[in-house]
Amino acid sequence: MIPALPLAIFGLLGLGAFVGGAYVFRDSLLRAVTPDGGASLSRAIAYGDGPRRTLDVYVPRNAEGAPVVVFFYGGSWQMGRKELYGFVGNALAARGIVAVLPDYRVYPDVGFPEFLRDGAGATRWAKDNIARFGGDPSRIVLMGHSAGAYIAAMLALDGTWLRAEGLDPAEDIAALVGLSGPYDFLPLTGPTYIEIFGGAERPETQPVHFANAGAAPALLATGDEDTIVSPRNTASLARRLRGHGRPATEVVYAGRGHFGLILPFIGPLRSLAPVVDDVAVFIHAQPMQGGQR
């Protein structure tokens, strides 16, 4: 995990609080400590019906043909708001990446697979609209942290959800970036998770089950002290992708836990781990659209 002192300072500064197994960030203070680098922000754009189907777009200054990230936040499939993750959008935009941050429906309102349907809808919106924000619709990267990394991985690997939106992962997704993601976590034991996923043993809910020879290049990162989502999830998916002949870069950050991979996107905490730079380098190295892999 993150060393106790930096995490305690983070809380004392009022930047966030630990709630229900997820770190909940405070938007106003995070904006104050995370420079936008000149990025412009378009808020609350609808990609579907209802208040949980809107997205925010962070655009680098003078963006033209820029790579695009659709970023899904974590929160145990039960909580989260895109406004609380503006620091991710700003960090990516500062590195020349157009960032799309969608909200999606969560439990108890919905369970699996509805948050995947929402993620696919947000990706469809990006494909259709991102060019007018300076993004290249042939360079869409799906990215997430924790439960959001699960959503990104399922969309990238199980074509069911994107195909329902008229997209194909092999043609329309340039890459996958997963941070501290649960990809291979059966059997479920907690009653809430069993309810969310409709049973304790459903392989069709697992990203690792859908690794395939057409999968997009992947950057899968974890911390070796993650006690919330075991690092074996990252190792398992990376191994399965490589077994299908697909490029899967596995990065393990020493001395870092579950939140040690998302907190460095906040300006003053950048030095906790080189996550932002590693992600940006990987994304900029993916110039080809899916069908040209």
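So, to kick off: in what order do the eight strands of the open sheet run, and what is the pairing? The order is 3-4-6-5-7-8-9-10, and the pairing is mixed. Strand 3, residues 40-46, and strand 10 are the edge strands, each pairing on one side only. From one strand to the next, the twist averages 20 degrees. And keep in mind, please, that this is a predicted model.

Let's start at the strand 3 edge. Strand 3 and strand 4, residues 54-59, run antiparallel and are joined by five bridges. If you want one to click on, try I45, whose bridge partner in strand 4 is L55.

Now the helices on the sheet. Helix 4, residues 114-129, lies across strands 3, 4, 5, 6 and 7, and it runs at about 155 degrees to strand 7. Then there's helix 5, residues 147-157, which touches strand 5, strand 7 and strand 8. The direction of helix 5 makes about 135 degrees with that of strand 7.

Helix 10, residues 275-284, is a nice one. Its buried residues are V275, V276, V279, A280, F282 and I283. Look down the axis and those buried residues fall within an arc of 165 degrees, so they line one face of the helix. What do they pack against? Strands 5, 7, 8, 9 and 10, plus helix 3.

Helix 3, residues 86-93, is another story. Eight of its eight residues are buried, so helix 3 is largely enclosed by the rest of the structure.

Quick stop in strand 9, where T222 lies. T222 counts as buried, because its relative accessibility is 1%, under the 20% cut-off. Setting aside neighbours within four places in sequence, T222 is in contact with P231, T234, V251, V252, Y253 and L261.

Last topic, aromatics. There are 17 aromatic pairs. One of them is W77 with F197, edge-to-face, 4.9 Å centre to centre and with 90 degrees between the planes. That pair links distant parts of the chain, 120 residues apart: W77 sits in the loop between strand 5 and helix 3, and F197 in the loop between helix 8 and strand 9. W77 is buried at 5% relative accessibility, and F197 is buried at 0%.

Compare W125 and F133: the ring centres are 5.8 Å apart and the planes are at 50 degrees, so this pair is tilted. W125 is buried at 7%, and F133 is buried at 11%.

Back to W77 and F197 for a second: ring pairs link them into a cluster with F112, F115, Y150, W161, F185 and Y193.

Key:
Residues numbered from 1 in each chain as written. Predicted model: local features only at pLDDT ≥ 70, side-chain atom pairs only at ≥ 80, totals over all residues. Heavy atoms only, no water. Buried < 20%, exposed > 50% of the residue type's maximum accessible area, 1.4 Å probe, protein only. Helix = DSSP H or I, 4+ residues; strand = E, 2+ residues; numbered from the N terminus. Arc of directions from axis to C-beta. Contact = heavy atoms within 4.5 Å. Pairing = 2+ DSSP bridges. Axes fitted to C-alpha atoms, helices over the stretch in contact; angles between N-to-C directions. Phe/Tyr/Trp six-rings, centres within 6.5 Å; stacked < 30°, edge-to-face > 60°.
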